[in-house]
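Reader: I have a new structure in front of me, and I would like to learn how to read it step by step. Could you take me through it?

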Amino acid sequence: MKLTRRQMTGGIAALAVAGSALPARTETAMENLPFAATTPVSIGKVGLMARDGKRVSDYYQALLGLTELRRAGNVVVLGAGGRELLEIEESAALREDDPQSAGLFHTAFLLPARADLARWTRFAIENRIPIDGASDHSVSEAVYLTDPEGNGIEIYADRPRENWVFDGPSVRMGTYALDVPNLLDELIVGNPEWAGAPDGTVVGHVHLRVGDAQAAEQWWRDEQGFDTMQSLGGQAVFLSSGGYHHHIGANSWQSRGAGPREMDRTGLGFVELLSKDATAETASRDPWGNEIRVLPAR
């Protein structure tokens, strides 16, 4: 396993050597959707544009155990528990994504419980899945990867919301090395193996590349009614609905000064939001041309 993103911290050595001895512990069943999906606005699914749709689809099915929910022409939709999470549209005419342009930084798949992340981590270790990083963000624990066409992926589990620390309206989030042995301690003797994304898996947040993080913050506040949860020196901002740590991240780490996104490239097709207040489907574009769809929450 290798570290390829300098901004993602630690955990790689621990993933490579973490032991398989599992202490006896109990496990709490997850009956409801994660908090991220219960807020007034949440993430529905993410659309990707791909040159090789089959390869990309096969990757997400093998990596996360997503299942194919529907297919029409050159479009396939994957999900978990009957919930649509990822739509992949294929076009061989697309050019490769430019990582210094506006677009997708990563799609973040939120697992219902910490034990699910532990199961997936053990699965990744046993199958020697290359990762880009593993981090403890205080409010969550996460592992980062990249799909075959360069799209970033986060697989994470939230810590209980009552344990998050707030400074006024802002939530404390950091980036520390993930304690992988401690995560694997979540597993119990005889714990079922990873069998694919469980019911209750959602896209918890989407992180975008933008040309100007402050302009992105203003757009998401004005156009979508999101609240700023944390801002990092004008280089990155995290926003949400209903007090979640973030449904949207936007950074200019690689893309500072980028103009409108070129639509003939692979990568982000759209971000779908589910709104409890919406009565009809609408669509708009942020200042860089990223398409944001809003659907009534079912």
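## Reading the strands, the helices and the charged pairs

Author: Let us begin with one pair of residues on neighbouring strands: Val 77 stands opposite Glu 87 in β4. The strands concerned are β3 (residues 75-80) and β4, which run antiparallel and are joined by six bridges. Please keep in mind throughout that this is a predicted model.

Reader: Which order do the strands have in the open sheet of seven strands, and which are its edge strands?

Author: The order is β2-β3-β4-β1-β16-β18-β17, and the pairing is mixed. The edge strands are β2 (67-72) and β17 (282-285), each of which pairs on one side only. If direction is ignored, neighbouring strands of this sheet are turned by 25 degrees against each other on average.

Reader: What packs on the sheet, touching β1, β2, β3 and β4?

Author: That is helix α2, and its direction makes about 155 degrees with that of β4. On the strands at the other end of the listed order, helix α5 (residues 213-224) lies across β16, β17 and β18 (291-296), running at about 30 degrees to β18.

Reader: How many strands form the open sheet that includes β11 and β13, and in what order do they come?

Author: Nine strands form it, in the order β11-β6-β7-β8-β5-β12-β15-β14-β13, again with mixed pairing. β11 (176-177) and β13 (227-232) stand at the edges with a single partner strand each, so one side of each is left without a neighbour in the sheet.

Reader: In which sense do β5 and β8 pair, parallel or antiparallel?

Author: They pair in the parallel sense, over four bridges, where β8 covers residues 152-158. As an example of two residues facing each other, Ala 108 stands opposite Glu 154 in β8. Helix α2 (residues 53-64) appears here as well, lying across β5, β7 and β8 and running at about 25 degrees to β8.

Reader: Let me turn to a single helix. How far does α3 reach from its first C-alpha to its last, and how many of its residues are buried?

Author: Helix α3 spans residues 114-126, and its 13 residues reach 18 Å from the first C-alpha to the last, close to the 18 Å expected at 1.5 Å a residue. The helix is mostly covered, with 12 of its 13 residues buried; among them are Leu 117, Trp 120, Phe 123 and Ile 125. After the helix comes Arg 128, whose phi is positive, near 50 degrees.

Reader: Which residue forms a salt bridge with Arg 114, and which with Asp 116?

Author: The general idea is that side chains of opposite charge can pair when their charged atoms come close. Here, Arg 114 forms a salt bridge with Glu 141, the closest N and O atoms being 2.6 Å apart. Arg 114 lies in helix α3 and Glu 141 in strand β7 (residues 140-146), so this pair ties together parts that are 27 residues apart in sequence. Both Arg 114 and Glu 141 are buried. Asp 116, in turn, forms a salt bridge with Arg 119, with 2.7 Å between the closest N and O atoms. These two residues both lie in helix α3, three residues apart, which is about one turn of the helix. Asp 116 counts as buried because its relative accessible area, 8%, is under 20%, and Arg 119 is buried too, with a relative accessible area of 12%.

Reader: Where do Arg 261 and Asp 97 lie, and how far apart in sequence are the parts that they tie together?

Author: Arg 261 forms a salt bridge with Asp 97, and their closest N and O atoms are 3.3 Å apart. Arg 261 lies in the loop between β15 (248-251) and β16 (267-275), while Asp 97 lies in the loop between β4 (83-90) and β5 (103-110), so the pair ties together parts that are 164 residues apart in sequence. Arg 261 is buried, and so is Asp 97.

Reader: How many salt bridges does a search of the whole structure find?

Author: The search finds 20. Some residues are linked in a network of salt bridges, namely Lys 45, Arg 70, Glu 84, Glu 87 and Glu 272. Glu 87 is the residue with which we began, opposite Val 77.

Reader: What does the secondary structure of the chain come to, and what share of its residues count as buried?

Author: The secondary structure comes to five helices and 18 strands, and 55% of the 298 residues of the chain count as buried. Of the contacts in the chain with a separation of 6 or more, 70% are accounted for by residues 24 or more positions apart. The chain exposes about 13100 Å², and carbon and sulfur atoms supply 47% of that area.

Methods
Residues numbered from 1 in each chain as written. Predicted model: local features only at pLDDT ≥ 70, side-chain atom pairs only at ≥ 80, totals over all residues. Heavy atoms only, no water. Expected span 1.5 Å × (residues − 1). Buried < 20%, exposed > 50% of the residue type's maximum accessible area, 1.4 Å probe, protein only. Salt bridge = Lys/Arg side-chain N within 4 Å of Asp/Glu carboxyl O. Pairing = 2+ DSSP bridges. Contact = heavy atoms within 4.5 Å. Axes fitted to C-alpha atoms, helices over the stretch in contact; angles between N-to-C directions. Areas by Shrake-Rupley, 256 points an atom, 1.4 Å probe, with all protein chains shown as cover.
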